[in-house]
Amino acid sequence: MPSKKRKRVQERAAIHPRNKYSENPPDFGALASIYPSFKPYVFYSSRDGRPRIDWTDYNATRELTRVLLLHDHGLNWWIPDGQLCPTVPNRSNYIHWIEDLLSSDIIPDCRADGDAVKGFDIGTGANCIYPLLGASLLGWRFVVSDVTDVALEWAERNVTSNPHISELIEIRKVDNAKTIVEEKDLHGGLGRDNESIEDLGNTRAVMIGPEPSSSLELQSMVEKNYHGPPILAGVVKDEEKFDFCMCNPPFFETMEEAGLNPKTACGGTAQEMVCPGGEKAFITRIVEDSVQLKQSFRWYTSMIGRKSNLKILISRLREVGVTMVKTTEFVQGQTCRWGLAWSFVPPSRKIVSSSATEKNNLSFMLEGIQRQYSAIHVLQSVESFLCSCGASCKIDSTSFKIDVIASKDQCESILNTETQNIFATPSCPYELGMSNGPNDLQSSDLHLSISVFQQIPGTLLVKGFLHQKESTGVFFLIFQKLEEFLKQKFCRPKTSAEPSCSERKR
């Protein structure tokens, strides 16, 4: 029982605090009493007597979405059978996350005073949910795109059914006759010494490897690349500027894969749900388009369905030279999605992210430790690294623990120490105590402890504990910097980078 309670608390914490449903989830019983059309779908649990709906019933989930949009947002909405039915709380999380990105001063806002925020919704679908929420909640303007006639027709209906916001939303048809990547592109892309060359505007990504040994292997490589209609490049007009783009991509490679979850019925056509290569191929194409469009958008964003793809896409972003990457997690009930955002706009300065973990204890693993090193060597290196920046360190070799006290200036020195980290973002130095929020280090010193534990041969666990309630953002960044330093010094190189503590804690 206690574990279930903790799980519910964690899920609630993941809902955005400005989400209308963060503290007051939908009351199905109350909604059923107000809207007769919803009442047939509501039943009362024999276990706890609470009103519920059957999440595997498409008609029930569609009616719930209609009622929530009408009751809580004043929006008239409907979609035909089979079209993807969005969940309002989850989609609201995405909108509010973008609001956070835009309101932060990480990436400067170049809009003139009084200009409305302008977004681009990639593949808006028949439901047109993001523009409807963004326009009604925040007064944002949108350009929305899609390919199919059904999606465009119903998106138009949903917009015109809400005349109070209809002028804020422009619907744009994408030419389905054009394809981005064809098989000839792959054949033509093989350069000297079996290098696959991919032109990305001013950036060239070179993927070195053996030439495909068979036509089947070549066909498999083709299928993993996106070769559908244009996404951003070719749809965004010359000289157009946007504050952000957003996307609920096709998560799956086949409709069979899309239907593997028996606990929900959200509908969805093949055009909405499926793409050769799945979400990874689709979002990779957005990344490549962003290289061409660069600062046409202040932020590029997408939702991601598989956490394993997040790390791959972040690595791709680093390759093409973005100036900033942000991630988040969206949780609604038993469903988890992740958000990825990036920008080519030079940041104004490096700040403590509001999305940084607020915990006062962090940890990371050092795997692949070279044989000549042990826990004591790591502990001594921690001491040397922090002392070199002026911090006061007291080492206890018997318990493999260091107590550290650092002033604000010493913390800044630690954060601005150069380390060869593959995830490092070229930007301005860290500045603490300048509009960075309540988690900054102000007048008091930072007091933390760091311990090193032997796990198995070649693997060590490094734990950090903050002895004060405030300054968790600074603690997070210092611990991240320490992880970069220790992995660079003690761990054998790997073919792919391990997730840092910041990625694991997000």
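Here is a short chat about the predicted model shown above.

Biologist: Hi! What does the secondary structure of the chain come to?
Modeller: Hello! In this predicted model, the chain has 16 helices and 16 strands.

Biologist: And how much of the chain is buried?
Modeller: Of its 506 residues, 50% are buried. The chain exposes about 24700 Å², and carbon and sulfur atoms supply 51% of that area.

Biologist: What share of the contacts comes from residues 24 or more positions apart?
Modeller: Taking the contacts with a separation of 6 or more, residues 24 or more positions apart account for 70%.

Biologist: Switching to cysteines, how many disulfides does the structure hold?
Modeller: Zero. Take Cys411, which is in no disulfide: the nearest cysteine sulfur belongs to Cys389 and lies 9.7 Å away. A disulfide here needs the two sulfur atoms within 2.5 Å, so that pair does not count.

Biologist: Is Cys411 buried or exposed?
Modeller: Cys411 counts as buried because its relative accessibility is 0%.

Biologist: What about Cys128, buried or exposed?
Modeller: Cys128 is buried too, at 0% relative accessibility. Cys128 sits in the loop between strand E3 (118-122) and helix H5 (129-138). Cys128 also has a positive phi of about 50°, although it is not a glycine.

Biologist: Nice. Where is Phe400, the other one I flagged?
Modeller: Phe400 lies in the loop between strand E13 (392-396) and strand E14 (401-406). Its phi is positive, about 55°, and Phe400 is not a glycine either.

Biologist: How covered is Phe400?
Modeller: Phe400 is partly exposed, because its relative accessible area is 29%, and the buried class stops under 20% while exposed means over 50%.

Biologist: Let's move to strands. Which strand is joined to E12 by bridges?
Modeller: That would be E16: seven bridges join it to strand E12 (residues 361-367), and the two run antiparallel. Across that pairing, Met365 stands opposite Leu461 in E16.

Biologist: How many residues of E16 are buried?
Modeller: Six of the eight residues in strand E16 (residues 459-466) are buried, so the strand is mostly covered.

Biologist: One last spot: where does Phe28 sit?
Modeller: Phe28 belongs to helix H2 (residues 28-34). Phe28 counts as buried because its relative accessibility is 12%.

Biologist: And what is Phe28 in contact with?
Modeller: Leaving aside neighbours within four places in sequence, Phe28 is in contact with Phe38, Val42, Pro51, Arg52, Ile53, Trp55 and Leu64.

Biologist: How far is Phe28 from Tyr44?
Modeller: Phe28 and Tyr44 are 16 residues apart in sequence, and their C-alpha atoms are 9.7 Å apart in space.

Technical notes:
Residues are numbered from 1 along each chain as its sequence is written. This is a predicted model: local features need pLDDT of at least 70, side-chain atom pairs count only at pLDDT 80 or more; totals for chains, interfaces and linings use all residues. Side-chain values use heavy atoms; hydrogens and water are left out. Buried means under 20% relative accessible area, exposed over 50%, partly exposed in between (1.4 Å probe, protein chains only). Helices (H or I, at least four residues) and strands (E, at least two) are DSSP runs, numbered from the N terminus. Two strands pair if DSSP finds at least two bridges between them. Contact means heavy atoms within 4.5 Å. Accessible areas come from the Shrake-Rupley method with a 1.4 Å probe; for residues, only the protein chains shown count as cover.
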